[in-house]
Structures are given as structure tokens and as C-alpha cells.
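The exercises below are meant to be worked with the sequence and the coordinates open side by side. Each task is followed by a solution that proceeds step by step.

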Amino acid sequence: MDDEALLERARRGDRDAFAAIVTRNQDDLYTMALRMLGTPHDAADVVQETFLRAYTHLPELRGKTVRAWLFRVAVNCARDVQRRSTRRPTAPLEDSAGNVIELPDPALGPEATALARQQAAAVRAALLELPVDFRLPVVLRDVNDLSYDEIAEALRIPVGTVKSRISRARHLLVQSLQRSGAVARTAEGGA
């Protein structure tokens, strides 16, 4: 059953239908929130608040995709967390429960595994340095695999703006990774 059919059932009071929507979307929302905020605790709070708001506002969702709507709610919740928090240092994106840790390819040797982990950490750090207006679209596209239209709907910005922000974010990421030495510069010295 697709999300829209589940949504219709949830509006009529079917809690199992809403639970299915949660199950389908919670991991992607958590990943987006974690990439936005940098801490597992804040990301989990954002996901919980997103589904609480979604449940209380079910009747208001008309003619939109459930996925894009949930991401819009999650983005707003993440922005609320950022506004409430003072600038505090962020914890590593890997939590003790292993929610974000990617297991190394067993075919890789220890040196290649260590290099892959260093590169992944450099990318996460560079991502957290991006301004939110650039970080959000690139995370939604490259991490959560949303379409440009879904991102535009979730962020309430034109598709052209989504595309330009993603392009700019990718450029800024490459520059940051080059400065940190995580990736080599091209022969021309730029990206």
C-alpha cells in the first residue's frame, strides 16, 4: 500500500496505517536530521517531534506527497532545534549504538578501511560546515534521495533554487575537502 493510501486510512483513525507511515520514513528522517544537527540525540528528538506534529495535523495534508510533507516538518523541527540551542560543539555523527557507523568492506585491507573512515569523517565534517540553506537541499538529494520536486515542496522554494543550492553546496564541499586535504586538487588547482 502506498503512503497516500495509508494516509487516508490514518485520517480515518487507523493507527496501524500511521505506524506504517512512521516505519517507512523514520530512518530517512533520522538520517537527514543527523546530517543537519550532528548529534544522534537531537536527530532522534526531531524525528519524534516530526511524527507527533504529523499525527496532530493529518487532516491538513491535502494534495501533497506524504514523504515531502514529512521532510518539510522535519526540516522545520531541525531548524527549531538549531534556534533553541546555543552554539555548542557537536558530537561525532557516529553514536555508541552504531546507528551511523558504516561497516567496512571485508575485502578491503586495514589501510583502505582506515582511509575510507577518514574520508567519511571529513565529508561529514565538511557537510556540517555548510550553511543550512545549502546543507538541507544537498542532504535531502544526496543522502535521502529525494527528487528536486520533493525537495522544493519540502523546503517551499522553487525547483531552480533547489538545483542552484545543491550545485553550490557540492562546490563548497569540494573546496572544504580540498582545504582539509581529504581530496586532491585538480591539475588547475580548483574543483
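**Exercise 1. A backbone angle after a helix**

Which residue just after H7 takes a positive phi, and of about what value?

Solution. The model is a predicted one, and the residue to find in it is Arg 156, whose phi just after H7 is about 60°. To place this residue, note that Arg 156 belongs to the loop between H7 and H8. Next, compare its backbone with the general expectation: most residues other than glycine have a negative phi. Arg 156, with a phi near 60°, is a residue other than glycine that has a positive value. Finally, consider its surroundings: the relative accessibility of Arg 156 is 62%, over the 50% cut-off, so this residue counts as exposed.

Continue with Asp 145: where is it found, and is it buried or exposed?

Solution. Asp 145 sits in the loop between H6 and H7, and its phi, near 60°, is again a positive value in a residue other than glycine. Its relative accessible area is 58%, so Asp 145 is exposed.

**Exercise 2. The overall fold and the confidence in it**

Describe the secondary structure of the chain, and then state where the confidence of the prediction is under 50.

Solution. Begin with the elements: the chain has eight helices and zero strands, which gives the order α-α-α-α-α-α-α-α from the N terminus on. Of its 191 residues, 39% count as buried. Among contacts with a separation of 6 or more, 63% are accounted for by residues 24 or more positions apart. Turning to confidence, the mean pLDDT of the chain is 80, and 79% of the residues reach 70 or more. Over residues 87-101 pLDDT stays under 50, and the model has 27 contacts beyond four places in sequence for this stretch. Over residues 187-191 pLDDT likewise stays under 50, with five such contacts in the model.

**Exercise 3. The nonpolar core**

Which residues of the largest nonpolar core touch the most other members?

Solution. The largest nonpolar core holds 51 residues, and those that touch the most other members are Met 32, Val 46, Leu 70 and Leu 140. At least two residues of this core come from each of helix H1 (3-11), helix H2 (15-37), H3, H4, helix H5 (110-129), H6, H7 and H8. The contribution of H2, eleven residues, is the most that any of them gives.

Now follow Leu 70 outward. Leaving out residues up to four places away in sequence, Leu 70 touches Ile 21, Asn 25, Leu 29, Thr 50, Phe 51 and Ala 54. One of these, Thr 50, is found in helix H3 (residues 40-56). Its relative accessibility is 0%, so Thr 50 counts as buried. With neighbours within four places set aside, the contacts of Thr 50 are Leu 29, Leu 70, Val 73, Ala 74 and Cys 77.

As a last step, turn to helix H7 (residues 148-155), in which Glu 150, Ile 151, Ala 152, Ala 154 and Leu 155 are buried. These buried residues pack against helix H4 (66-84), helix H6 (132-143) and helix H8 (159-180).

**Exercise 4. Aromatic rings and charges**

How many aromatic pairs does a search of the whole structure find?

Solution. The search finds two aromatic pairs. Phe 18 and Phe 51 make an edge-to-face pair, with 6.4 Å from centre to centre and 85° between the planes. Phe 18 is in helix H2 and Phe 51 in helix H3, 33 residues apart, and the pair thereby links distant parts of the chain. Phe 18 and Tyr 55 also form an edge-to-face pair, at 4.9 Å centre to centre and 70° between the planes. Because Phe 18 lies in helix H2 and Tyr 55 in helix H3, this pair ties together parts that are 37 residues apart in sequence. Phe 18, Phe 51 and Tyr 55 thus belong to one aromatic cluster, in which Phe 18 and Phe 51 are both buried, whereas Tyr 55 is partly exposed at a relative accessible area of 34%.

Which charged residues lie over the ring of Tyr 148?

Solution. The charged end of Arg 141 sits over this ring, 4.8 Å from its centre. Lys 163 lies over the face of Tyr 148 too, at 5.5 Å from the ring centre.

Terms used. Residues numbered from 1 in each chain as written. Predicted model: local features only at pLDDT ≥ 70, side-chain atom pairs only at ≥ 80, totals over all residues. Heavy atoms only, no water. Helix = DSSP H or I, 4+ residues; strand = E, 2+ residues; numbered from the N terminus. Buried < 20%, exposed > 50% of the residue type's maximum accessible area, 1.4 Å probe, protein only. Contact = heavy atoms within 4.5 Å. pLDDT = per-residue confidence, 0-100. Core = buried A, V, L, I, M, F, W, Y, C linked by side-chain atoms within 4.5 Å. Phe/Tyr/Trp six-rings, centres within 6.5 Å; stacked < 30°, edge-to-face > 60°. Lys NZ or Arg CZ within 6 Å of the ring centre and 35° of its normal.
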